[in-house]
Amino acid sequence: MESLVIAYMYPNLMNLYGDRGNMVCLEKRIGWYGHQCEVRTVNHNDRLDFQRIDMLFMGGGSDREQGLVYNDLLVKADKLMQEIEDGLPALFVCGAYQLLGTSYQSHEGTVLNGLGFFDLHTLGQKERLIGNILLESELEGELKTVVGFENHGGRTYFDDEQLKPFGTVVKGYGNNGEDGREGIRYKNLIGTYLHGPLLPKNPHVADFLIKAMAQRRGITLSEPLDDTIENFAHQQVKNRILAGK
Amino acid sequence: MKIRLYLAILAGKMAIFFSRLAGNQGTNFPGRLARRIYPPILTELAGNILRETVIITGTNGKTTTSNMMAEIIKENNFSYVHNRAGANMITGITTAFIQATNLSGKREFDYGLLEVDEANVPLLLQEIPVKALLITNFFRDQLDRFGELDNTINIIKEAVQDTDIELILNADDPLVSHFQNQTGLNCWYFGFDDTVYDDIASAESREGRHCVFCGHELVYERFHYAQLGKYSCPQCQNQNPARDFSAHGLNLSPAISFQVNNLPIQSPYQGFYNAYNILAAVSLAKRMGFPDETIQTAISSYHPQAGRMEKFIINGKTVLLILVKNPTGLNQSLVALTQETANKNVFMALNDNAADGRDISWIWDADLEILANRQEDINYLICSGLRSGDIAVRAKYAGFDPARIVIKTRLQEGIARAVEGSNDTAYILSTYTALFTCRQILLKMQTKAKRQSNQSQYQRQSG
């Protein structure tokens, strides 16, 4: 039995709409796969020891809170990008996803710098994009649906057409409600607007991250898990979205 | 002659009548219809309030607090207009006024007592002159309708700016302190002194953990309940405002009792959250000038209402119906039901209609772990409603044994499953839009069970 370590970034500031459920999900599934999972919270001014981290997660926050974490994250940025290039699994939701781009302009016009990992930018508008969302996403060579709930004022645009979205929108808004793209996928990193939380009702996405962690560490996972309940919940929301409710 | 006003009242009253006849609650539609016929109808009818109108808003406790206020006003033999639970949007409030008035729109009332949805406060203030605004608290609730909690607070703040409305505020809620330092407004604070139920470190969701003025993390000396407690900001010295209505000597068991300044209060209600509702109602009543004895009598004789732990007896089993709508309320209910060691079935209906909040992610901010930690007393967890799958997944990840998680999406089947079996009690938890159906089902089951037991008694006697 091995122990996998997930760094949970700023849980006190960046935890909107049940995002912490993603941590609960990974922790439990890793346990069911026969290993241990340690969720290590990283707060302001804490050191990030990448030698001992198998994955990184950061959730959404309000504009005010996003500003607070930016400065702290900037100090860690170079090292973090290097790790992501090397295949560190990472999940960035909503406000955290926006921070990965070059800039974020609030609807009042204030411009915040982003970490600039990817050539994308976000424009905030007063009218928020809210509702259930259904995507199609290809994670391990197979196109599968992803369900979630989005609630964001920001519209995110790719400035580099080579960037790959996390999925394509079947119903809902996605990055900007215009181009049908949702989120970003780069190596083992997923950036997305999807709350819900994302992972519990999309066990294949959770497993994509867990398998990436296991592979990097060279450990094997036990037999596939029984996802009857998860798949039921996934299908129920999917039906509801497709019925236009 | 105000033909359009009479027409609007008539149409509204007919709409109320017909939607009742059709078995609906009939809360928003009649008001919406009347407002379309005669847009200033609410302003006009509110002109019939002789003394003053007070409004109650906030995330939790609006309904209980305003129902208690209604009892106090009634105890003083005054007439009043009061909107029903759930009808707290501007259209529902219009419906309440139409229902109360006569066909000429001239019936007068002493008070207007309105429970108002947070986002509807600015709209209402534009249409009705308001004497006092009571804010119970700001918790995570139905966030998807507003974006973030900050927005909700800001729109209320803007709406009361430059008015002479008196504010009755919760001194223990760091998010309510947004209203502090606002010039020109008359603020009165209520809150609890140290209690024996306080927590020094609790894991519940805490929305207001950061100072609203400087963003620094707040330091808590003690938590009373959720993010309500004794806090201070190490950076800018922001701390609880001084209490005008200070509650001390709190006792929660077997029922609530405490003192507000020197006034002893007793109530058959349970739970810290209800102690806050009572304190809020008492504070508002004191500001409105009602005599102490009438406040005491009204509170002590006021009993819990539909969905707030309503009790049914079905085949000798106790079945309790509980409304849940946000993490804090759900946590409180789970704590209460797990304290009871009798073996039980727990049913939860989760809907995601507009009135429930379309975003159900709040169940991940609630501690279903409370339930999982006491699962030896629970036979089955029955998951129901439009999002039955989500509640099942949440329970599984809280550590509840999946073999004892039953999914019955239809309410009727789910409740039947919860009430049958070897369990002694059943708890029926439900979000707002499933509550009335759950209640109807339970009432029907109760009546049927009573009839059957009468029949079998009769058969025994005659046989």
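In this predicted model, the side chain of B:Lys74 makes a polar contact with the side chain of B:Glu71, at 3.2 Å. B:Lys74 belongs to helix α4 of chain B, which spans residues 62–75. With a relative accessibility of 44%, B:Lys74 counts as partly exposed. Its C-alpha atom is separated by 9.3 Å from that of B:Thr294, although the two residues are 220 residues apart along the chain.

A contrasting environment is that of B:Glu118. This residue is found in the loop between β3 and α6 (121–127) of chain B. B:Glu118 has a relative accessible area of 5% and is therefore buried, the limit being under 20%. Leaving aside residues up to four places away in sequence, B:Glu118 touches B:Thr57, B:Gly58, B:Thr59 and B:Lys62. B:Thr152, B:Ile155 and B:Ile156 are also touched by B:Glu118.

**The sheet of chain B**

Chain B contains an open sheet of nine strands with mixed pairing, in the order β2-β3-β1-β4-β5-β6-β9-β10-β11. Its edge strands are β2 (80–82) and β11 (263–267), each of which pairs on one side only. On average, neighbouring strands of this sheet are turned by 20° against each other, direction ignored. Strands of a sheet pair through backbone hydrogen bonds, in either the parallel or the antiparallel sense. For β2(B) and β3 (residues 109–115) of chain B, the sense is parallel, over three bridges. Here B:His82 stands opposite B:Leu113 in β3(B).

Helix α8 of chain B, residues 272–287, lies across β1 (49–57), β4 (132–135), β5 (166–170), β6 (186–192), β9 (245–251), β10 (256–260) and β11 of chain B. The helix runs at about 145° to β6(B).

**Aromatic residues**

The structure holds 20 aromatic pairs over all chains. A pair of aromatic rings is described by the distance of the centres and the angle of the planes. Two pairs that involve helix α8 are set out below.

| Ring pair | Distance of centres | Angle of planes | Description |
|---|---|---|---|
| B:Phe192 and B:Tyr276 | 4.9 Å | 75° | edge-to-face |
| B:Tyr225 and B:Tyr273 | 6.2 Å | 35° | tilted |

B:Phe192 lies in strand β6 of chain B and B:Tyr276 in helix α8 of chain B, so this pair ties together parts that are 84 residues apart in sequence. B:Phe192 is buried at 2% relative accessibility, and B:Tyr276 is likewise buried, with a relative accessible area of 4%.

In the tilted pair, B:Tyr225 lies in strand β7 (residues 219–225) of chain B and B:Tyr273 in helix α8 of chain B, so the parts tied together are 48 residues apart in sequence. B:Tyr225 is buried, with a relative accessible area of 6%, whereas B:Tyr273 counts as partly exposed at 28% relative accessibility.

The four residues of these pairs belong to one aromatic cluster, formed by B:Phe192, B:Tyr225, B:Phe258, B:Phe272, B:Tyr273 and B:Tyr276.

**Charges over rings**

Arginine side chains also lie over aromatic faces. B:Arg287 lies over the face of B:Trp188, at 3.8 Å from the ring centre. B:Arg417 lies over the face of B:Tyr380, at 4.5 Å from the ring centre.

Key:
Residues are numbered from 1 along each chain as its sequence is written. Chains are lettered from A and ligands numbered from 1 in the order in which they are written. This is a predicted model: local features need pLDDT of at least 70, side-chain atom pairs count only at pLDDT 80 or more; totals for chains, interfaces and linings use all residues. Side-chain values use heavy atoms; hydrogens and water are left out. Two strands pair if DSSP finds at least two bridges between them. Helices (H or I, at least four residues) and strands (E, at least two) are DSSP runs, numbered from the N terminus. Axes are lines fitted to C-alpha atoms, for helices over the stretch in contact, and angles run from 0 to 180 degrees between N-to-C directions. Contact means heavy atoms within 4.5 Å. Buried means under 20% relative accessible area, exposed over 50%, partly exposed in between (1.4 Å probe, protein chains only). A polar contact is a pair of N or O atoms within 3.5 Å; within protein, one must be able to donate a hydrogen and the other to accept it, and residues adjacent in sequence count only if both atoms are side-chain atoms. Rings of Phe, Tyr and Trp (its six-membered ring) pair if their centres lie within 6.5 Å; planes under 30 degrees apart count as stacked, over 60 as edge-to-face and the rest as tilted. A charge sits over a ring if NZ of Lys or CZ of Arg is within 6 Å of the ring centre and within 35 degrees of the ring normal.
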